[in-house]
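This report looks at two places in one structure: the surroundings of a bound ligand and the setting of a single residue. Please keep the sequence and the 3D view open while reading.

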Amino acid sequence: MKTDILLGLQWGDEGKGKIVDVLAPDYEVITRFQGGPNAGHSLEFKGKKFILHTIPSGVFRKDKLNIIGNGVVIDPVIFAEEIQSLKNEGIELNKENLLISTKAHLILPTHRLLDAASEAFKGGSKIGSTLKGIGPTYMDKTGRNGLRLGDIIRPGFMGKYKALTLKHKDLLNMYHYKGEQDDYEKKWFDGIEVIRSFDLVESEYRINRLLDDGRNILAEGAQGTLLDIDFGTYPYVTSSNTITAGALTGLGLAPSRIGHVKGIFKAYCTRVGSGPFPTELHNEKGEFLRQKGHEYGATTGRPRRCGWLDLPALRYAIMLNGVTELIMTKPDVLSGLESFMICTHYQIDGKNTNQLPYSLEDNIKPVYKSFKGWSQDISGIRMYRDLPEELKAYKNFIEKETGIPITIISVGPDREAVVMIEK
Ligand code: GDP
Ligand code: IMO
Ligand code: MG
């Protein structure tokens, strides 16, 4: 068997959580392969809304095995809170249904402080990080200083924890950072106990064996392609590989183990945090998208910046990920606009190009094609044939321009609000 992957093609928040929840019944195992609590994956059903940060989004479907892979970074406080809030909803995670890699790295309380200190130090050029300690944790991973989950079940953990924390305190002094964390360290050690109650495994072996045994696995990406550490809008990116390649290293999969790559994108574009965004709207249409689409961060509550769909960026993401099918979310938000736009290519120094330049901060002029809008509410539609012709025209145009079929159109936040398109 092969692993299918679902990942974001923009700057995150494309609706990954919702679609993983929709697709989960087709899979036996759902995994996360990178990122950490910077992710906020929302799903809705029966009038309730849930936001997951570390736990895979198939967790609300019965009898799934959830695996947190080695590429993920875990904050024990946030993890324990998530386990507890799921428990409150009657979802009991235990050794049978949640496995965590021994090789996943720990976000220490001081990693969070370092994230805040680094951002404060950067001042006006800050990344706008989620302040969850992601950057400093991955820095310690690649710097070969990090603590892994496997360390918490081996002797010498406290010594390693103290040594790394001391080093961080020196760094914080260097930043002249005075932030305090109240009782975070205490909660952190309580969280470590919660993690210890789960099975910490060599997940690369488990996952490959599950595939050998014919199990269906879906790997759930976090963030989005344009936030990828190598190919995103550097330095305004996250600190992991958010693309298909990240699923290989973040789970221990060989390239031949990858099946379908499901790339998800919004019918428009959003970004939260700093960094270039060529099609950003600074007018009432941007505000319309933000209000109608409830575009406020699931993790930080920050307003998301909104703009039109960017085809050069979408094609780039499709290329990097080897996307085999596309999933479009939130076209329902466009309902009521007389017209809307798509950026078909860029003009840089007077020349047309389809290619993303070295930096999206360069003098890019997006060139747009206008589409006629529709007025009706489409959130109740479940059959493709019932969608407005104007939306079908938009879908057909995107398919023609990218060469990849759109197989699902999501028309609302609820798990029922999907239009499956026959292939
Ligand atoms: P993720 O990080 O990719 O999982 O996405 P988020 O959960 O951060 O943000 C997506 C937001 O859009 C959430 O509030 C979802 O409930 C919502 N959402 C997902 N799909 C749709 C859709 O098709 N239409 C509308 N209106 N909202 C959606
Ligand atoms: P999901 O999985 C949207 C953004 C932050 C910031 C940059 C770096 O919900 O799509 P970090 O905390 O990772 O160091 O922040 O990346 N960012 C996200 N934006 N969705 C996310 O996750 C994000 N995770 C990080 O806003 O600009
Ligand atoms: Mg999100």
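A polar contact is a pair of N or O atoms within 3.5 Å. With that cut-off in mind, the distances in the table can be read as polar contacts between the protein and ligand 2, bearing in mind that the model is predicted.

| Residue | Part of the residue | Partner | Distance |
|---|---|---|---|
| T238 | polar side-chain atom | oxygen atom of ligand 2 | 2.6 Å |
| N38 | N or O atom in the side chain | oxygen atom of ligand 2 | 2.9 Å |
| V272 | backbone N or O atom | oxygen atom of ligand 2 | 3.0 Å |

On its own, ligand 2 has 550 Å² of accessible area, and the protein covers 98% of it. The shell that provides this surrounding consists of 21 residues, and the closest of them are D13, K16, H41, T130 and T238. Sorted by class, the shell around ligand 2 holds eight nonpolar residues, 10 polar ones and three charged ones.

The second place is a residue in a helix. D21 belongs to helix 1, which covers residues 16–23. Is D21 buried or exposed? Its relative accessibility is 0%, and therefore D21 counts as buried, since the cut-off for this class is under 20% relative accessible area.

What does the side chain of D21 make a polar contact with? Its partner is the side chain of R415, at a distance of 2.9 Å. When neighbours within four places in sequence are left aside, D21 is in contact with R415 and also with L43, F45, S57, F60 and R61.

Methods. Residues are numbered from 1 along each chain as its sequence is written. Chains are lettered from A and ligands numbered from 1 in the order in which they are written. This is a predicted model: local features need pLDDT of at least 70, side-chain atom pairs count only at pLDDT 80 or more; totals for chains, interfaces and linings use all residues. Side-chain values use heavy atoms; hydrogens and water are left out. A residue is near a molecule or strand if one of its heavy atoms lies within 4 Å of it. A polar contact is a pair of N or O atoms within 3.5 Å; within protein, one must be able to donate a hydrogen and the other to accept it, and residues adjacent in sequence count only if both atoms are side-chain atoms. Accessible areas come from the Shrake-Rupley method with a 1.4 Å probe; for residues, only the protein chains shown count as cover. Ala, Val, Leu, Ile, Met, Phe, Trp, Tyr, Cys and Pro count as nonpolar, Asp, Glu, Lys and Arg as charged, and the others, Gly among them, as polar. Helices (H or I, at least four residues) and strands (E, at least two) are DSSP runs, numbered from the N terminus. Buried means under 20% relative accessible area, exposed over 50%, partly exposed in between (1.4 Å probe, protein chains only). Contact means heavy atoms within 4.5 Å.
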